[in-house]
Amino acid sequence: MNKRTCTLATALVTTLALGATGCAGGTTSDSSTRGRENPALSNNGAVVGGTPQKGGTLTILSNQDFTHLDPARNWVMGDMDFGTRLLYRTLLTYRAEPGAKGGELTTDLAEDLGVSSDGARTWTFRLKPGLKYEDGTPITAQDVKYNVERSFSPDLPGGPDYAARYLIGAEGYQGPARGRHLDSVKTPDERTIVFELRKPFAEFPYATTLPTFSPVPKSRDRGPQYDNRPFSSGPYKIETYARDKQIVLVRNTHWSASTDTVRKAYPDRIVVTMGLKANQVDDRLIASTGADASAVAWASLRPESTPKVLTEPGVRARLLAESTNCTEMVQMHTGRAPFDDVRVRRAVQYALDREALLTASGGPALNDPASALMPGSLFGGKQPDTLRIPLTGDVEKAKQLLKEAGRADGITTSVTVSTGDKAIGEAIQQSLGRAGIKVTIETVDPSAFYDTIGDTKNRTDLTYTGWCPDFPSGSTFLPFVFDGRYIKEKGNSGNHSLFRDDATMKRMDEIAAMTDAQRANQAWRELDAQILAKAPTAPGVVERKPLLIGTNIAGAYGHTSFGGQIDYATVGLKDPAKSAS
């Protein structure tokens with residue numbers, strides 16, 4: 001690491017540590033003070049249940065299937081947690097600890113955190129010796145390169161696109177299917193991989209925690225079908241997988257704990273039961289009887305179940321409520337009338353009742369209203385409020401903006417929400433309706449939600465979704481949500497407002513070129529306000545991830561780097577004998 005990069009990295013680590021602390025504290029608005037004092041958050045940043053014992057069956061009760069488990073396509077927080085903690089390893093990963101320490105990098109497949117040269121344009125990683133797949137064959141640097149390359153394949157959309165944004169020669173590349181390879185990813189031997197970037201990227205090590213940078217052996221690749229059976233480099237392998245019903249993981253006997261300081265692999269088996277109604281999951285875990293005592297929830301506690309949990313101390317003690325560090329937004333199709341008019345989009349911002357959204361999302365005990373685009377962790381702990389719109393909205397201002405846009409009689413539109421977010425859709429419908437914006441709600445199964453809203457030609461005008469930074473930096477938030485150069489017709493991710501603004505994209509490039517981390521952080525914060533004024537989205541809430549666990553669960557906490565989802569690297573059972581076999 002040369003001196004200039006070392007200095008930058010030192011400043012960056014300091015900044016990122018501060019960002020992680022903000023995330024753990026969840027201080028995003030004035031209402032967050034109420035949240036921190038609420039007993040629902042007593043387990044925030046703590047391990048629940050003590051140290052697990054080896055063995056037994058951990059059950060995960062879920063209302064949905066995974067969006068994708070193929071590491072080239074896996075870019076949903078919970079799915080990434082499940083995939084990278086259980087099935088496949090990445091070059092680097094996050095420490096398995098609650099709170100701020102969970103935002104710190106550590107080694108995984110790689111021996112160190114990467115060595116940079118050429119002003120952070122070149123990054124070299126060396127793999128640990130003795131790494132093996134589930135069949136005992138060695139994991140090689142060429143396998144990591146192959147997965148990076150296959151992430152460009154048109155038939156594998158939806159995954160992280162850091163490689164496409166930063167690697168030299170990425171433009172126009174469409175994967176290795178026809179024997180074409182990326183010259184900017186070099187593998188001089190079986191344990192060394194070198195990435196050559198088209199511009200400096202001091203944060204590149206954080207990108208290598210993503211599933212794109214896990215190994216896939218070419219001989220095992222099945223194209224889109226690989227989603228059903230990724231080949232394991234982690235502590236577990238797939239025994240059976242019936243889509244929308246159940247997935248069963250068993251131990252990968254060729255995984256070695258001596259090469260892995262993160263994953264504890266406590267359970268013998270992990271069973272995900274899918275297709276349950278959300279209220280079923282809540283009720284079963286509240287009761288926590290039989291096999292359900294050894295179970296955890298996949299999806300967040302439903303708002304209507306919150307009183308049942310908060311009023312019972314014994315149940316409340318089993319509630320995790322880490323911040324997701326994600327901002328949920330109403331994203332508007334800026335390339336389609338009437339939302340190509342900034343006055344109409346601003347009318348939505350003013351009409352939106354964030355207090356109603358907060359209630360529909362579980363109330364102020366488990367959520368904070370959003371007043372900016374990036375979460376509070378990227379502002380040093382608290383989101384600013386540059387628009388100063390009242391929490392319940394300003395209906396008269398919204399009507400005035402519609403009149404100025406020549407829409408005094410209102411507009412008719414539709415919004416797509418996940419089936420579990422129907423109450424949120426109704427809150428959007430009712431609050432916008434006050435200003436004459438008539439909204440029809442379209443619900444989609446959670447496992448198909450991102451593919452549906454990622455179909456840019458056929459999606460609705462409005463979507464309700466959010467974005468979580470992949471690591472604590474504005475560079476992993478604003479460019480991914482508002483850079484119009486990376487919009488895809490199918491499998492579009494992040495930029496669901498389809499926002500294309502030349503001034504914004506030019507400024508993003510200028511900030512990305514900055515070598516002073518503190519200056520760059522301030523510039524991202526300023527750009528946040530500038531984009532918000534152009535109204536491609538209307539901020540809604542910053543959610544916590546309320547997850548209920550059974551009475552026999554140990555080692556459980558919400559991980560700050562995985563959107564508050566349970567860290568599957570460490571969770572297990574108090575008494576394995578009490579679990580289902």
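This is a short talk on helix 7, the nonpolar cores, the aromatic pairs and the salt bridges of this structure.

Okay, ground rules. What you see is a predicted model, where local features need pLDDT of at least 70, side-chain atom pairs count only at pLDDT 80 or more, and totals for chains, interfaces and linings use all residues. Residues are numbered from 1 along each chain as its sequence is written, and side-chain values use heavy atoms, with hydrogens and water left out.

Let's start with helix 7, residues 278-287. Helices here are DSSP runs of H or I, at least four residues, and strands are runs of E, at least two, numbered from the N terminus. Which residues of helix 7 are buried? Val 281, Asp 282, Leu 285 and Ile 286. Buried means under 20% relative accessible area, exposed is over 50%, and partly exposed is in between, with a 1.4 Å probe and protein chains only. Those four cover an arc of only 125 degrees around the axis, so they sit on the same side of helix 7; that arc is taken from the directions from the helix axis to the C-beta atoms. As a reminder, an α-helix has 3.6 residues a turn, so residues three or four places apart point the same way. And what do the buried residues pack against? Strand 1 (57-61), strand 11 (295-297), helix 8 (306-310), helix 9 (313-316) and strand 17 (537-548), with contact meaning heavy atoms within 4.5 Å. Just past the end of helix 7, Ser 288 has a positive phi of about 50 degrees.

Now the cores. A nonpolar core is a set of buried Ala, Val, Leu, Ile, Met, Phe, Trp, Tyr and Cys residues joined through side-chain atoms within 4.5 Å. The largest has 66 residues, and Phe 195 and Leu 478 have the most contacts inside it. Helix 17 (residues 517-534) gives the largest share of this core, 6 residues. Apart from it there's another core, of 43 residues, including Leu 69 and Val 571.

On to the rings. There are 27 aromatic pairs: ring centres of Phe, Tyr or Trp (its six-membered ring) within 6.5 Å, stacked if the planes are under 30 degrees apart, edge-to-face if over 60, tilted for the rest. Take Phe 66 and Phe 82, a tilted pair at 4.6 Å centre to centre, with 35 degrees between the planes. Phe 66 is in the loop between strand 1 and helix 3 (77-87) and Phe 82 is in helix 3, so the pair ties together parts 16 residues apart in sequence. Phe 66 also pairs with Trp 298, this time edge-to-face, 5.4 Å centre to centre and 90 degrees between the planes. Trp 298 lies in the loop between strand 11 and helix 8, so here the parts tied together are 232 residues apart in sequence. Both Phe 66 and Trp 298 are buried.

Last topic, salt bridges: a side-chain nitrogen of Lys or Arg within 4 Å of a carboxyl oxygen of Asp or Glu. The whole structure has 31. In one of them, Glu 111 meets Arg 191, with the closest N and O atoms 2.8 Å apart. Both ends are in loops, Glu 111 between strand 3 (105-107) and strand 4 (115-117), Arg 191 between strand 6 (185-189) and strand 7 (192-196), so the pair ties together parts 80 residues apart in sequence. Glu 111 counts as partly exposed at 38% relative accessibility, and Arg 191 does at 24%. Finally, Arg 89, Asp 108, Asp 260 and Arg 263 are linked in a network of salt bridges.
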